[in-house]
Amino acid sequence: MIDYQPLWSTMERKHITKYQLIYHWGISSNTLRRMGHNEPISTTTLNELCLILDCRVEDILKFEPSKEETDALARRKEEISGRKKWHKK
């Protein structure tokens, strides 16, 4: 799961507010709402935030898979492995 917690810390460290991002830099309030709920944003927006905040992607988001995601991935890998065995016969 993508977590945008680093963004809020970076903004605080750089003394940039949500208000400034919206009204001075043109970042959509809906984009900030989405990030507040760890919902997806575009890579274009991510690039723009890195430029505005003069930071790296790691200063905006982190990736940590949830239990549900790792379980689903394990099931998917088993399915793929099963198909590969079937095709070899």
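## Contacts, core and cysteines in a predicted model

Among contacts between residues at least 6 apart in sequence, 63% join residues at least 24 apart. The model behind this value is predicted.

**Overall layout.** The protein has 5 helices and 2 strands. Along the sequence they follow the pattern β-α-α-α-α-β-α. The radius of gyration is 18 Å, well over the 12 Å that the globule rule gives for 89 residues, so the protein is more spread out than a compact globule. The C-alpha atoms fill a box of roughly 60 × 20 × 20 Å along the principal axes.

**Surface and burial.** Buried residues account for 24% of the 89 residues. The protein exposes about 6,800 Å². Carbon and sulfur atoms supply 54% of that area.

**The nonpolar core.** In soluble globular proteins, nonpolar side chains tend to be buried together. Here the largest nonpolar core holds 16 residues. The members that touch the most other members are L7, L21, I27, M35, L49, L53 and I60. Three elements give two or more residues each to this core: α1 (5-14), α3 (29-36) and α4 (43-53). The largest share, 5 residues, comes from α4.

Which residues does I27 contact, leaving aside its neighbours within four places in sequence? The partners are L21, I22, L32, E48, L49 and I52. Two of these names, L21 and L49, also appear among the core members that touch the most others.

**The cysteines.** How many disulfides does the model contain? The count is 0. C50 is in no disulfide; the nearest cysteine sulfur, that of C55, is 4.6 Å away. A disulfide needs the two sulfur atoms within 2.5 Å. Why is C55 not bonded to C50? The C55 sulfur lies 4.6 Å from the closest cysteine sulfur, in C50, and that is too far for a bond.

Are C50 and C55 buried or exposed? The cut-off for buried is under 20% relative accessible area. C50 counts as buried because its relative accessibility is 12%. C55 is buried too, with a relative accessible area of 14%. The table sets the two side by side.

| Cysteine | Relative accessible area | Class |
|---|---|---|
| C50 | 12% | buried |
| C55 | 14% | buried |

**In brief.** The predicted model is more spread out than a compact globule, because its radius of gyration of 18 Å is well over the 12 Å of the globule rule. Its largest nonpolar core has 16 residues, with the largest share from α4. C50 and C55 are both buried, and the disulfide count is 0.

Terms used: Residues are numbered from 1 along each chain as its sequence is written. This is a predicted model: local features need pLDDT of at least 70, side-chain atom pairs count only at pLDDT 80 or more; totals for chains, interfaces and linings use all residues. Side-chain values use heavy atoms; hydrogens and water are left out. Buried means under 20% relative accessible area, exposed over 50%, partly exposed in between (1.4 Å probe, protein chains only). A nonpolar core is a set of buried Ala, Val, Leu, Ile, Met, Phe, Trp, Tyr and Cys residues joined through side-chain atoms within 4.5 Å. Helices (H or I, at least four residues) and strands (E, at least two) are DSSP runs, numbered from the N terminus. Contact means heavy atoms within 4.5 Å. The radius of gyration is taken over C-alpha atoms; the globule rule is 2.2 Å times the number of residues to the power 0.38. Accessible areas come from the Shrake-Rupley method with a 1.4 Å probe; for residues, only the protein chains shown count as cover.
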